[in-house]
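The exercises below go with the structure shown here. Try each task before reading its solution.

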Amino acid sequence: MSTQEQAELVVRTIAETAIENERYFGDLDSVVGDGDFGYSLARGFERLLEGWDDLDRSGPGTFLKKAGMVITSRIGGTSGPIWGTAFMRAGMAAGDAPELDGEQVVAMLRAAVEGIKTRGQSDVGDKTVLDALVPLTDRLEEELRAGSDGAAALAAAADAARQAAEATVDMVAKRGRAAYTGERSRGSVDAGAMAVAVITDRVSKAWETEGAAS
């Protein structure tokens, strides 16, 4: 499987997982948020899949940037700019490279993280998507540097994301609508962080069965 095909597998898996978990993500968000996270994410990724065949496939980076543009314009609320920025920054970091290695993928994730921080004026500890995405990226980098293959590294990263997302239950939200609830936001997991965990787990499984194939 080419790098371009792998990029498409990852993005499609993200989209399908977001759509399938619409109610679950919405229920998580409704505890202290406005409950529209799952709905917004699902509708945006549905639009992405509707225009799937029209996305520019001249390279992985361009593909991710185009996907990010669709996500930004189609996902409602604050989620669109946040998730769209992540895809676009990852695509920019990939550049025009036709093939990507593990080190470049980590750099793409780091770029996505920095984009989210800037766009959302947030950081790790604010009880946001970053509280799962950063530990995920750190673990992926550690595993790859230790010599793990892609599938094993991604599985470990998915486990790290899950643990980190579950740990947001003890945090007080400092960004988004949940921030207005103050201490009431403690005691429930962050919907965005859990979405990252659920999605990464699905991507890991898809990668193990399809992505690593030559």
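Is R139 buried, partly exposed or exposed?

**Solution 1.** The model is predicted: local features need pLDDT of at least 70, side-chain atom pairs count only at pLDDT 80 or more, and totals for chains, interfaces and linings use all residues. Residues are numbered from 1 along each chain as its sequence is written, and side-chain values use heavy atoms, with hydrogens and water left out.

Step 1: take the cut-offs, where buried means under 20% relative accessible area, exposed means over 50%, and partly exposed lies in between (1.4 Å probe, protein chains only). Step 2: R139 has 27% relative accessibility and therefore counts as partly exposed.

Step 3: place the residue. R139 lies in helix α7; helices (H or I, at least four residues) are DSSP runs, numbered from the N terminus. Step 4: list its partners. Not counting residues up to four places away in sequence, R139 touches A156, A157 and A160, where contact means heavy atoms within 4.5 Å. The C-alpha atoms of R139 and D159 are separated by 9.1 Å, and these two residues are 20 apart along the chain.

**Exercise 2.** Find how the axes of α5 and α6 are arranged, and which residues meet.

**Solution 2.** Step 1: locate the helices, α5 at residues 79-94 and α6 at residues 102-120. Their axes come within 7 Å and cross at roughly 140 degrees. Axes are lines fitted to C-alpha atoms, for helices over the stretch in contact, and angles run from 0 to 180 degrees between N-to-C directions.

Step 2: classify the angle. Under 35 degrees counts as roughly parallel, over 145 as roughly antiparallel, 65 to 115 as roughly perpendicular and the rest as oblique. α5 and α6 are therefore oblique to each other.

Step 3: give the hand. The crossing of α5 and α6 is right-handed; that is, the near helix is turned clockwise from the far one by less than a right angle.

Step 4: read off the contact. On the α5 side the residues include P81, I82, T85 and R89, and on the α6 side they include A107, M108, E114 and R119. By class, this contact of α5 with α6 has 11 nonpolar, three polar and three charged residues. Ala, Val, Leu, Ile, Met, Phe, Trp, Tyr, Cys and Pro count as nonpolar, Asp, Glu, Lys and Arg as charged, and the others, Gly among them, as polar.

**Exercise 3.** Repeat the analysis for α3 and α5, then follow W83 into the core.

**Solution 3.** Step 1: the axes of α3 (residues 37-50) and α5 come within 10 Å and cross at roughly 50 degrees. That makes α3 oblique to α5. Their crossing is right-handed.

Step 2: F37, L41 and F45 in α3 meet S79, W83 and F87 in α5. The contact has five nonpolar, one polar and no charged residues.

Step 3: find the core. The largest nonpolar core has 54 residues, and L41, F45, W83 and F87 have the most contacts inside it. Such a core is a set of buried Ala, Val, Leu, Ile, Met, Phe, Trp, Tyr and Cys residues joined through side-chain atoms within 4.5 Å. Helix α9 (residues 191-211) supplies the largest share of this core, 10 residues.

Step 4: leaving aside neighbours within four places in sequence, W83 is in contact with F37, L41, F45, I71, A195, V196 and I199.

**Exercise 4.** Set Q121 beside K127: what is the phi of each, and is each buried or exposed?

**Solution 4.** Step 1: Q121 lies in the loop between α6 and α7 (130-145), and K127 is placed in the loop between α6 and α7 too. Step 2: Q121 has a positive phi of about 50 degrees although it is not a glycine. K127, not a glycine either, has a positive phi of about 65 degrees. Step 3: Q121 counts as exposed because its relative accessibility is 56%, whereas K127, at 4%, counts as buried.

**Exercise 5.** State where G91 is placed and which residues it contacts.

**Solution 5.** Step 1: G91 is in helix α5. Step 2: its relative accessibility is 0%, so G91 counts as buried. Step 3: apart from neighbours within four places in sequence, G91 is in contact with G61, L64 and K65.

Definitions and conventions: Helices (H or I, at least four residues) and strands (E, at least two) are DSSP runs, numbered from the N terminus.
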